[in-house]
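Got your viewer open and a fresh coffee at hand? Let's take a walk through this one, stop by stop.

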Number of protein chains: 2
Amino acid sequence: MKQIKGGVTAPKGYEAASTAAGIKYKERTDMALIYSQIPCVAAGTFTTNVVKAAPVKWDKQVVENGHMVQAVVVNSGIANACTGEEGLGYCKDTAKAAAKALHISPDSVMMGSTGVIGMQLPIEKLTAGIEVLGGKKNTSLVSGTEAAKAIMTTDTCEKELAVEIILDGKKVTIGGMAKGSGMIHPNMCTMLAFITTDAVIGKDALQKALSEDVADTYNMISVDGDTSTNDTVLLLANGLAGNAEIIYGSEDYKKFAQALHTVNEYLAKKIAGDGEGATALFEVKMEGCESTEQAKILAKAVVCSNLTKTAIAGHDANWGRILCAMGYSGAQFKPEKVDLFFESRAGKIQIIENGTAVNYSEEEAAEILSQPEVTVTADIKMGDKTAAAWGCDLTHGYIDINADYRS
Amino acid sequence: MKQIKGGVTAPKGYEAASTAAGIKYKERTDMALIYSQIPCVAAGTFTTNVVKAAPVKWDKQVVENGHMVQAVVVNSGIANACTGEEGLGYCKDTAKAAAKALHISPDSVMMGSTGVIGMQLPIEKLTAGIEVLGGKKNTSLVSGTEAAKAIMTTDTCEKELAVEIILDGKKVTIGGMAKGSGMIHPNMCTMLAFITTDAVIGKDALQKALSEDVADTYNMISVDGDTSTNDTVLLLANGLAGNAEIIYGSEDYKKFAQALHTVNEYLAKKIAGDGEGATALFEVKMEGCESTEQAKILAKAVVCSNLTKTAIAGHDANWGRILCAMGYSGAQFKPEKVDLFFESRAGKIQIIENGTAVNYSEEEAAEILSQPEVTVTADIKMGDKTAAAWGCDLTHGYIDINADYRS
């Protein structure tokens, strides 16, 4: 497997475009299109929130009905959530407008929205934007990157990756783009991720590959503990690589799943590290666990703890908060057996041995915690299972962004 | 029932004292003593965190063994949590020192600690403090108030209440004090509450009265979602009121339970409203629920949502975040049936009817949300059960306090 340049337009046969439709933001792009030259099989995972945005309902139906998909239309600024029948109607209008502009069926159009909940979309601006997108779409890598920029809300940078593997002698490519960066606690999030591949793979195998991996990637990140109404990950496969069909469970499937994991984990970590107001990516690793489930529960509790996240913002080795979060996670373990380490590019330091503090240097710990990527590793010495979760520090920036988001 | 002046020293036979032992803070009191002139039956509820502070382990044992209790020693500054065998030893030392100073048995001494996790107590300062407390204790109301001040950490004000009821022709008094104000998400918190009464009541009935009420009061508040290692509520009854013994389930029991609820709810709301950095008490009421359990889950999810709490800080009627939090709570309901209201002393306004926004005034909503106590009420129209939860807004103050707590 090797990383290559680009994102969603890196695999064969995919085109992208972006435009400034003026949906809510001024002076920036706010709509993106992903288009495949031939129909794709589509897999998707969606928010588990009882309150589901209109585009989530639309996409779920497309995936469940097994429709072949050829286009994904995405807007930022307004989430089209809690918008009732009117909001669902705008999904139909979006699909119709895309079908007309792209000469495809409305059933083959998926969509994603992110932004303020409860506002109605300015549908005329949206449909005019689709017209522009249809005329601009192209296969260049830069059009993929520009699409990744158009879907941002409070994100500070675009997030994309592409990797290449060889299957059956053929080059197979997976590309993806995603956005965060608040209301992020995916439990398949206003997390959106769109992955494209030119692999030949059936719909069921594609959905399994996505569903299995989401549990270890997007579902292991948290910015603020709020699971959005719009979380969506879509994975399209158009088969243009010409490999022999990837069969679930085969060696080729494992290679494909590993490559998909690389893209998903990269995008998930990028979302976590670019959480609203974040100054650091905060990684929590659990080791020595009895089960992966236990490891995940412990890692997620620490990465979600407001007190721990604020300590990270302050570069304070306040390990008591970490042990406290593990303790209320719901998982059972022996606090008096826990070893704990802080690590970053500035070094690695042990803080706790068997549940109590070792004689570490607070200065060294503070130096380690001052880096842009910080890892906490806890070993609970009960087994050999591990898990990782990703989040960010909690800063004044988060308060600034969210105390006045709508205006 | 009537509210009277004072706190833990309001009931007959209780004394209190406070002193500046220099445990961690300088220039303020940091130790408190509650003392009963005669032995008390004792009830307690404790943190469910797997990581339990040494004083929690001590108190649990006292309650479970059914010891009569005559004194509670409390310190702020250091939590005596994650302190291993050494920390447990300091509990013994504390009990011994109190027994000597007060001429009682070490088994009749309970304790509470709050502050930094992982530091060892300076035991000589603590035992010297106990000596001072023993000499100063007295029945005055002001000594109770001073005790409530001594147990504060980042609290901005002391929290105490006393109420009086008549049972069996006798005046029965319940008094209480508590402290917050971070790592507050009680699931019996570094929440400490100490309640005293002069009622005649058996140990089992006392424990039931406490356990049943904690579920509706302390366990329904949250400042930051972090369930502490030290959460403790103790309830002492010395019987000096001379009423006929309160029997579980009787009319007298119901009156006593109602009075206890008044004290507990008052203290719980005080803790929530004085959460770290808080500028407002945030109350969430759920109405029209199928079950109390469903109502509690929904109310707690909203009160815990970082995005909602930050919107409250910004006086922004960002109701989409509230509906979103209800949606990921785990409880089932129909979003399209929800009505939602904001209320404060500035007035009451409907924001959502049947899941979508009504044409409300953003200015009026902002004015309502600018008050020191703000209530959100949601009606899900599925039944007649209700619940309330209490928290606070999430502000720059929280970040300031917690990014640099230990120093």
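Before you select anything, a word on burial: a residue counts as buried if 20 or more other C-beta atoms lie within 10 Å of its own, as exposed if 12 or fewer do, and as partly exposed in between, with C-beta atoms placed from the backbone. Helices (H or I, at least four residues) and strands (E, at least two) are DSSP runs, numbered from the N terminus.

What you have open is a predicted model, in which local features need pLDDT of at least 70, side-chain atom pairs count only at pLDDT 80 or more, and totals for chains, interfaces and linings use all residues. Residues are numbered from 1 along each chain as its sequence is written, while chains are lettered from A and ligands numbered from 1 in the order in which they are written.

**Stop 1: strand 15 of chain B**

Select residues 385-392 of chain B. Here 6 of the 8 residues are buried, so strand 15 of chain B is largely enclosed by the rest of the structure. Now add residues 281-289, which are strand 10 of chain B: strands 10 and 15 run antiparallel and are joined by 7 bridges. (Two strands pair if DSSP finds at least two bridges between them.) For one place where they face each other, click on Cys289(B), which stands opposite Lys385(B).

**Stop 2: the rest of that sheet**

Widen the view to the open sheet of 6 strands in chain B, with mixed pairing and the order 13-12-11-14-10-15. Which strands are at its edges? They are strand 13 and strand 15 of chain B, each pairing on one side only. For an inside pair, pick strand 11 (residues 339-344) and strand 14 (residues 373-379) of chain B, antiparallel over 5 bridges. Phe342(B) is the residue opposite Val376(B) there.

**Stop 3: over to chain A**

Chain A also has an open sheet of 6 strands in the order 13-12-11-14-10-15, with mixed pairing. Its edges are strand 13 (356-357) and strand 15 (385-392), each of which pairs on one side only. Bring up helix 7 (residues 292-304) of chain A, which packs on this sheet and touches strands 10, 14 and 15 of chain A. The direction of helix 7 makes about 20° with that of strand 15; axes are lines fitted to C-alpha atoms, for helices over the stretch in contact, and angles run from 0 to 180 degrees between N-to-C directions. At the other edge, strand 12 (residues 347-353) meets strand 13 of chain A in the antiparallel sense over 2 bridges, with Glu353(A) opposite Thr356(A).

**Stop 4: two domains**

Colour 2-273 of chain A as domain 1 and 281-402 as domain 2; these bounds come from an automatic or database domain assignment. Taken over C-alpha atoms, their centres are separated by 32 Å. Where they meet, 11 residues of domain 1 are in contact with 12 residues of domain 2, contact being C-beta atoms, placed from the backbone, within 7 Å.

**Stop 5: inside domain 1's range**

Select strand 6 (residues 159-167) of chain A: 7 of its 9 residues are buried, so this strand is largely enclosed by the rest of the structure. Strand 6 pairs antiparallel with strand 1 of chain A over 3 bridges, and Ala162(A) is the bridge partner of Ile4(A). Strand 6 also pairs antiparallel with strand 7 (residues 170-179) of chain A, over 9 bridges. In the hairpin of strands 6 and 7, which has 2 residues between the strands, Asp168(A) takes a positive phi near 55°.

Next, zoom to Lys12(A), in the loop between strand 1 (2-4) and strand 2 (14-19) of chain A. Is this lysine, Lys12(A), buried or exposed? Lys12(A) is buried, with 21 other C-beta atoms within 10 Å. Leaving aside residues up to four places away in sequence, Lys12(A) touches Thr173(A), Asp198(A), Leu240(A) and Ala241(A).

**Stop 6: chain against chain**

Show both chains. A turn of 180° and a shift of 0.0 Å along the axis lay chain B on chain A with an RMSD of 0.0 Å. That is the relation of a two-fold axis. Copies are superposed by least squares on the C-alpha atoms of residues with pLDDT of at least 70 in both. To find the axis, go to His396(B): of the residues of chain B, His396(B) comes closest to the axis, at 2.8 Å (C-alpha).

Finally, the contact takes 52 residues from chain B and 53 residues from chain A. Helix 9 (319-327) of chain B is among the elements that supply at least two residues of chain B's side, and helix 9 gives the most, with 7 residues.

How values were computed: Two residues are in contact if their C-beta atoms, placed from the backbone, lie within 7 Å.
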